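Thanks, everyone. I'll take this one quickly, starting from a single helix and working outwards. Have the viewer open.

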Amino acid sequence: MTSNRPSSSDTATRSQRWWARAAFASAFLAAAIPVVSAGILSTVGVLCVGVGGVVVTVAALYWFLSSRGPLRWISLGIAVLAPIVVLVLFVRAQLLAEVVASYVAAFLAVLCARAALRGRPVDTAMPEVPATPARHPVLIMNPHSGGGKVARFDLRRRAEELGAEVVLLEGPGMVDVTALARQAVERGADLLGVAGGDGTQALVAAVAAENDLPFLVISAGTRNHFAMDLGLDRTDPGRSLDALREGVDLAVDLGWINGRPFVNNASFGVYAEVVRSPAYREDKAGTTLQLLPDLLAGHSGSQLVARIGDDVIVRNPQAVLVSNNPYGSSDLVGLGRRDRLDRGVLGVVTVSVASTRQAVALLRRANVRGLAQHTTAEAVIDADGPDAPVGVDGESLMLSTPVRCTIEPAALRVRVPCNRPGVRPAEPTIDWVRLRTLAWHDNPQRHSRSSPFGPRR
């Protein structure tokens with residue numbers, strides 16, 4: 001007997017279709033509410049006031065960062081007052097309710113759009129390979145990293161109970177982490193791991209890669225960006241040790257900068273210059289505000305030239321960020337996460353904002369060179385001196401110029417636990433063309449777009 005019940009795939013498609021239609025309906029309401037309630041002229045006035053408030057706020061914030069003395073604090077006052085003035089004008093014109101309702105409708109449009117697109121395949125899951133437990137794992141632990149997480153979470157005892165040999169990074173003086181890792185390999189280590197910051201992770205990861213050994217990341221650093229992108233639990237680094245009993249391997253890319261490995265990113269320009277200052281550790285905010293005006297104006301710091309691949313040259317950017325795989329389009333400055341670490345490309349972001357006009361132009365994307373994102377296999381950053389300050393995985397270094405950044409695809413075999421709380425599906429980018437297809441075409445799969453990063457390797 002043939003069932004008339006719809007299949008699960010039909011139901012999913014129908015659900016996506018209605019979510020997509022709801023997104024368009026909410027977007028229409030967001031535009032229609034102020035027009036119907038207040039009239040076209042009032043709506044135009046609302047738009048002008050709102051856009052003007054945003055422009056003034058952005059300009060004032062740039063003046064605050066690029067000025068000194070009274071002008072800096074006057075600019076900060078303007079940046080704070082501008083949104084308040086806009087709100088007061090809306091209230092006096094009795095348009096606050098319409099504006100709030102329009103924003104609510106726009107927010108609902110975004111939620112419905114994400115619900116409609118969430119059902120499509122998103123290429124964010126890195127392939128996992130079952131792993132055989134290591135017989136002689138060696139873990140290098142920095143007892144000072146992350147404010148003493150090694151002791152606080154009793155990582156040494158927990159690791160030794162699982163059969164690991166633990167080597168502590170204890171002085172006196174500087175410890176050669178790379179040499180320690182190579183000595184562990186000579187003693188027969190069949191897995192290397194690190195409980196420490198991202199800079200230490202990268203050094204040991206390079207030794208693991210050159211010896212084709214699995215590499216274990218223990219999230220005992222301060223920020224643990226690499227651990228976050230691997231989906232590891234950053235609140236309890238001890239859960240990373242579960243990979244010693246029951247783990248899987250991920251093939252992960254490794255970045256190189258002038259022959260030095262990096263797992264996260266390398267930053268040039270403003271940030272690297274500020275962090276290099278001896279006063280930065282004692283007074284981060286004060287040092288940043290003191291140095292920014294001259295750095296933004298180009299009166300101090302290195303003059304950079306970024307050559308990205310074979311075709312793109314960016315001259316005199318204020319900042320360049322080169323990352324091991326690109327960050328999401330909504331997170332260009334590396335504060336969030338990378339959805340994958342195996343795309344085989346560097347992410348390069350350049351920032352060129354040397355005036356208030358250029359800062360405001362970013363709002364309407366008129367300053368196309370102001371904030372640009374690229375992917376490439378190689379980036380070369382040159383400067384006007386023999387050396388340039390670079391922040392590599394959070395560490396301040398001086399590197400000889402030109403600085404060459406490359407990526408080694410699938411160089412690293414990272415051992416991670418089977419269950420990782422940080423693994424989550426990436427939020428889909430809102431694509432209104434695809435939404436239109438979902439809303440009014442019977443077979444949206446025929447109209448699906450390819451990934452902006454190209455085919456999956």
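Start at helix α7. Its buried residues are Val-177, Thr-178, Ala-181, Ala-184 and Val-185. Look down the axis of α7: those buried residues sit within an arc of 120°, so they line one face of the helix. What do they pack against? The buried residues of α7 meet β2, β4 and α8.

One caveat before I go on. This is a predicted model.

Now the overall numbers. The protein has 457 residues, and 45% of them are buried. Its secondary structure comes to 13 helices and 17 strands. Take the contacts with a separation of 6 or more: 72% of them join residues 24 or more positions apart. The exposed area is about 23,700 Å², with carbon and sulfur atoms supplying 58% of it.

Next, the inside. In soluble globular proteins, nonpolar side chains tend to be buried together. Here the largest nonpolar core holds 35 residues. Which members touch the most others? Leu-192, Phe-215, Phe-226 and Leu-230 do. Several elements each give this core at least two residues, including α7, β4, β5 and β17. The largest share, six residues, comes from α8.

Stay on Phe-215 for a moment. Set aside neighbours within four places in sequence. Phe-215 then contacts, among others, Leu-192, Val-204, Ala-208 and Phe-226. Its partners also include Leu-412, Arg-413, Val-414 and Arg-415. Apart from this core lies another, of 24 residues, among them Ala-266, Val-312, Val-320 and Leu-346.

Val-320 also gives us a distance to check. Leu-371 is 51 residues from Val-320 in sequence, and their C-alpha atoms are 9.9 Å apart. Leu-371 lies in strand β13. Its relative accessible area is 28%, so Leu-371 is partly exposed.

Now the surface. Leu-87, Val-91, Leu-96, Val-100, Val-104, Phe-107, Leu-108 and Leu-111 form a nonpolar patch. Together they have about 670 Å² of accessible area. Helices α3 and α4 each supply at least two of the patch residues. The largest share, six residues, comes from α4. Leu-87 sits in α3. With a relative accessible area of 46%, Leu-87 is partly exposed.

Last topic: charges. Side chains of opposite charge can pair when their charged atoms come close. How many salt bridges are there? The count comes to 17.

Take Arg-420 and Glu-128. Their side chains meet at 3.2 Å, N to O. This pair links distant parts of the chain, 292 residues apart. Arg-420 is in the loop between β17 and α13, and Glu-128 is in strand β1. Buried or exposed? At 12% relative accessibility, Arg-420 counts as buried. Glu-128 is partly exposed, at 41%.

Second pair: Asp-212 and Arg-413, at 3.7 Å, N to O. Asp-212 lies in the loop between α8 and β5, and Arg-413 in strand β17, so the bridge ties together parts 201 residues apart in sequence. Asp-212 counts as exposed, at 57% relative accessibility. Arg-413 counts as partly exposed, at 29%. Shared partners extend this pair: salt bridges join Asp-212, Asp-249, Arg-413 and Arg-415 into one network.

Third pair: Asp-342 and Arg-340, with a salt bridge at 2.7 Å, N to O. Both Asp-342 and Arg-340 are buried.

That's my tour. Over to you.

How values were computed
Residues numbered from 1 in each chain as written. Predicted model: local features only at pLDDT ≥ 70, side-chain atom pairs only at ≥ 80, totals over all residues. Heavy atoms only, no water. Core = buried A, V, L, I, M, F, W, Y, C linked by side-chain atoms within 4.5 Å. Buried < 20%, exposed > 50% of the residue type's maximum accessible area, 1.4 Å probe, protein only. Helix = DSSP H or I, 4+ residues; strand = E, 2+ residues; numbered from the N terminus. Contact = heavy atoms within 4.5 Å. Patch = residues over 30% accessible without salt bridge, like charges linked within 9 Å, V, L, I, M, F, W, Y side chains within 5 Å. Areas by Shrake-Rupley, 256 points an atom, 1.4 Å probe, with all protein chains shown as cover. Salt bridge = Lys/Arg side-chain N within 4 Å of Asp/Glu carboxyl O. Arc of directions from axis to C-beta.
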